[in-house]
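Let's take a walk through this protein together, beginning at one loop and working our way towards the interior. Please have the structure open as you read.

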Amino acid sequence: MLIDPYKVGMFKANPYAKKTEIKGNLVVVLEGKLEGRNLQLITPISRALLKGEIHELILTDEEGAKPGVKVQAIAYLGFFEVTTGGVMVSGDELFLHNQLIGTVAGFDETHMPNHLNIVIKVPERKSGVELGAELGMELICRQKNNQG
């Protein structure tokens with residue numbers, strides 16, 4: 001019998017003590033917002049991202065966005081290619097062109113194995129176009145309070 005330690009609540013605190021930054025560059029800038037998107041964030045709080053993979057970034061301003069819940073109100077930021085791989089964890093901070101965008105809420109696997117939807121909790125839902133995103137802009141995902 002397989003036991004998922006996240007689903008059964010074995011972790012009382014985030015077990016990721018230290019980790020490297022994930023870096024990447026935008027390869028697609030998206031425009032658009034949707035209500036009722038119904039993204040199911042998976043229960044595990046982390047996902048490994050490998051160099052060369054391309055994943056989608058989706059923004060939400062829903063207060064309760066976290067692993068294990070559904071997210072309805074979203075805005076599309078874009079797709080990015082991972083240039084420095086690592087492990088992304090719910091609560092990590094996402095920076096676009098050295099500007100803090102928000103924190104990782106969780107992951108949706110609707111389009112796997114093509115790409116992972118990475119849902120970012122933001123103060124205000126804006127699309128990639130509204131944020132002024134440009135192709136090639138650098139993205140950095142780092143552990144909160146880690147200036148590494």
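Start in the loop between β2 (33–34) and β3 (39–40), where you will find N38. This is a predicted model, and N38 is a good place to look at its backbone: phi here is positive, at about 60°, although the residue is not a glycine. As for its surroundings, N38 is partly exposed, with a relative accessible area of 40%.

A second residue invites the same kind of look. H97 sits in the loop between β9 and β10, and its phi is near 55°, again a positive value in a residue other than glycine. H97 counts as exposed, because its relative accessibility is 52% and the cut-off for that class is over 50%.

One further backbone feature deserves a stop before we zoom out. Follow the chain to the loop between β10 and β11, which holds P113. The peptide bond joining M112 and P113 is cis, with omega at about 10°.

Now step back to the whole chain. How many helices and how many strands does the protein chain have? There are zero helices and twelve strands, so the order of elements from the N terminus is simply β-β-β-β-β-β-β-β-β-β-β-β. The radius of gyration is 14 Å, close to the 15 Å that the globule rule gives for 148 residues, so the chain is as compact as a globular protein of that length. If you measure up the C-alpha trace along its principal axes, expect a span of about 45 × 35 × 30 Å.

The contacts tell you how the chain is put together. Among contacts in the protein chain with a separation of 6 or more, 78% are between residues 24 or more positions apart. Buried residues make up 45% of the 148 residues. On the outside, the accessible surface comes to about 7900 Å², and carbon and sulfur atoms account for 53% of that area. The chain carries 16 positive and 18 negative charges, and the mean positions of these two sets lie 7 Å apart.

Let's go inside. The largest nonpolar core has 24 residues, and those with the most contacts within it are L49, L57, F80, M88, L96, I118 and I120. Several strands supply at least two residues each to this core: β1 (22–29), β5 (54–60), β7 (74–84), β9 (93–96), β10 (99–108), β11 (117–121) and β12 (138–142). The largest share comes from β7, with four residues. Apart from this core lies another one, of eleven residues, including L30, L39, A65 and F79.

I120 gives a good view of the larger assembly of side chains around it. Leaving aside neighbours within four places in sequence, I120 is in contact with L57, I58, L59, T60, L94, G102, T103, V104 and A105.

One of those partners, I58, is worth visiting in its own right. I58 is found in strand β5. Is I58 buried or exposed? With a relative accessible area of 0%, I58 is buried. Beyond its neighbours within four places in sequence, I58 is in contact with L39, I74, A75, Y76, N117, I118, V119 and I120. Here you can also trace a long step along the chain: I58 and G128 are 70 residues apart in sequence, while their C-alpha atoms are separated by 9.3 Å.

From I58, move back along the chain to E53, placed in the loop between β4 (46–49) and β5. E53 is partly exposed, with a relative accessible area of 24%. Not counting residues up to four places away in sequence, E53 touches A48, F80, E81 and V82. F80 is one of the residues with the most contacts inside the largest nonpolar core. In the other direction, the C-alpha atoms of E53 and N14, 39 residues apart along the chain, are separated by 25 Å.

Our last stop is E21, in the segment before β1. E21 counts as buried, since its relative accessibility is 15% and the cut-off is under 20%. Look from E21 back to F11, ten residues away along the chain: the C-alpha atoms of these two are separated by 23 Å.

Note on methods:
Residues numbered from 1 in each chain as written. Predicted model: local features only at pLDDT ≥ 70, side-chain atom pairs only at ≥ 80, totals over all residues. Heavy atoms only, no water. Rg over C-alpha atoms; globule rule 2.2 N^0.38 Å. Buried < 20%, exposed > 50% of the residue type's maximum accessible area, 1.4 Å probe, protein only. Contact = heavy atoms within 4.5 Å. Areas by Shrake-Rupley, 256 points an atom, 1.4 Å probe, with all protein chains shown as cover. Lys, Arg positive; Asp, Glu negative; His and termini not counted. Charge placed at Lys NZ, Arg CZ, Asp CG, Glu CD. Core = buried A, V, L, I, M, F, W, Y, C linked by side-chain atoms within 4.5 Å.
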